[in-house]
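Let's take a walk through this structure together, one region at a time. Keep the sequence and the 3D view side by side as you read.

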Amino acid sequence: MRLKNDIYVYEWTNPYENNCNSYFIGGDVQALIDPGLTGYVPDLLKHMFADGIKKEDIHYVINTHSHPDHFQGSEVFDQEKIKVGLHTKEIEFLKGDGSELYNLFGINVPRMNVNFPLEEGDMALGDRIFKVILAPGHSPGSIGLYWPEQKALFCGDVIFDQSVGRTDFPGGNGTLLKKSIMSFAELDLELILPGHMGIVTGKNNIQKNFNLIIQGIFPYI
């Protein structure tokens, strides 16, 4: 579904199966954010095709973190043609403790090498400039992908609508998660596009969401 301008949203709404929200940025960017579990990628591509987006249109696959329900589907894409991104800290995490989550759920770790290592700071995708924000807490190398031009934040599992990412998986850290959320709260935002649950739109609603989380959830993290 086209949300606005070149942002397309593919929310995961099945309460009985675990997978993530996926997003696509069209125009000159052509980036898929968080493809989800491998088994669900064909369905994702089907919905994208209905919006006029073909698999060969995808130039980048940007992952907010390495948990299976976000990252595993990256293995579907041909790395000779597509750049698959993950933060360098998360790449190292996946080589060690990060693989435990895959084993816990009986899921295979993707057999692939990330060919587009991400670092904190400005990053060009196509002819647009994004900002990679390292946001540990849910996992050590989680990122927020901020698009200043659209005042949009693709935040993975760091923050949700009236909730936050869990910290009890390997590599989780509540103190770091709170710091990451506070860094997001300083951004000029009109859109929060999380890895699960609904989108938060509008500056006032976003500020209310941060306030609710800081006041109501932080004391328990």
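The paragraphs below visit a buried aspartate, a strand with its partners, a helix residue and a sheet.

Please keep in mind along the way that this is a predicted model. A good place to begin is D34, which you will find in the loop between β4 (31-33) and α1 (41-50). Which side chain of opposite charge is nearest to D34? That is R166, but R166 is 16 Å away, and D34 has no salt bridge although it is buried. What D34 does have is a polar contact of 2.8 Å, side chain to side chain, with T64. If you set aside the neighbours within four places in sequence, the contacts of D34 are C20, N21, S22, I62, N63, T64, H70 and G156.

One of those contacts, I62, offers a convenient path onward. In the strand pairing, I62 stands opposite G85, a residue of β6. The two strands involved are β5 (residues 60-62) and β6, and they pair in the parallel sense over three bridges. Strand β6 also has three bridges to β7 (residues 116-118), and these two strands run parallel. Within that pairing, L86 finds its bridge partner in P117 of β7. Is β6, then, largely enclosed or left open? Four of the five residues of this strand (residues 83-87) are buried, so β6 is largely enclosed by the rest of the structure.

From here, turn to helix α3 (residues 88-95), where I91 has its place. With a relative accessibility of 17%, I91 counts as buried, because the cut-off for that label is under 20%. Not counting residues up to four places away in sequence, I91 touches L86, V114 and P117. Two of these names are familiar from the strands: L86 and P117 are the bridge partners described above. I91 can also be placed relative to H65: the two are 26 residues apart in sequence, while their C-alpha atoms are 9.0 Å apart in space.

The last stop is an open sheet of six strands with mixed pairing, ordered β8-β9-β10-β11-β14-β15. At its edges stand β8 (121-125) and β15 (200-201); each has a single partner strand, so one side of each is left without a neighbour in the sheet. Further inside that order, β10 (residues 143-147) and β11 (residues 152-156) run antiparallel and are joined by three bridges. Look there for Y146, whose bridge partner in β11 is L153. Strand β11 also brings us back to the start of the tour, as its residues 152-156 include G156, one of the contacts of D34.

Notes: Residues numbered from 1 in each chain as written. Predicted model: local features only at pLDDT ≥ 70, side-chain atom pairs only at ≥ 80, totals over all residues. Heavy atoms only, no water. Buried < 20%, exposed > 50% of the residue type's maximum accessible area, 1.4 Å probe, protein only. Lys, Arg positive; Asp, Glu negative; His and termini not counted. Salt bridge = Lys/Arg side-chain N within 4 Å of Asp/Glu carboxyl O. Polar contact = N/O pair within 3.5 Å; in protein donor to acceptor, adjacent residues only side chain to side chain. Contact = heavy atoms within 4.5 Å. Pairing = 2+ DSSP bridges.
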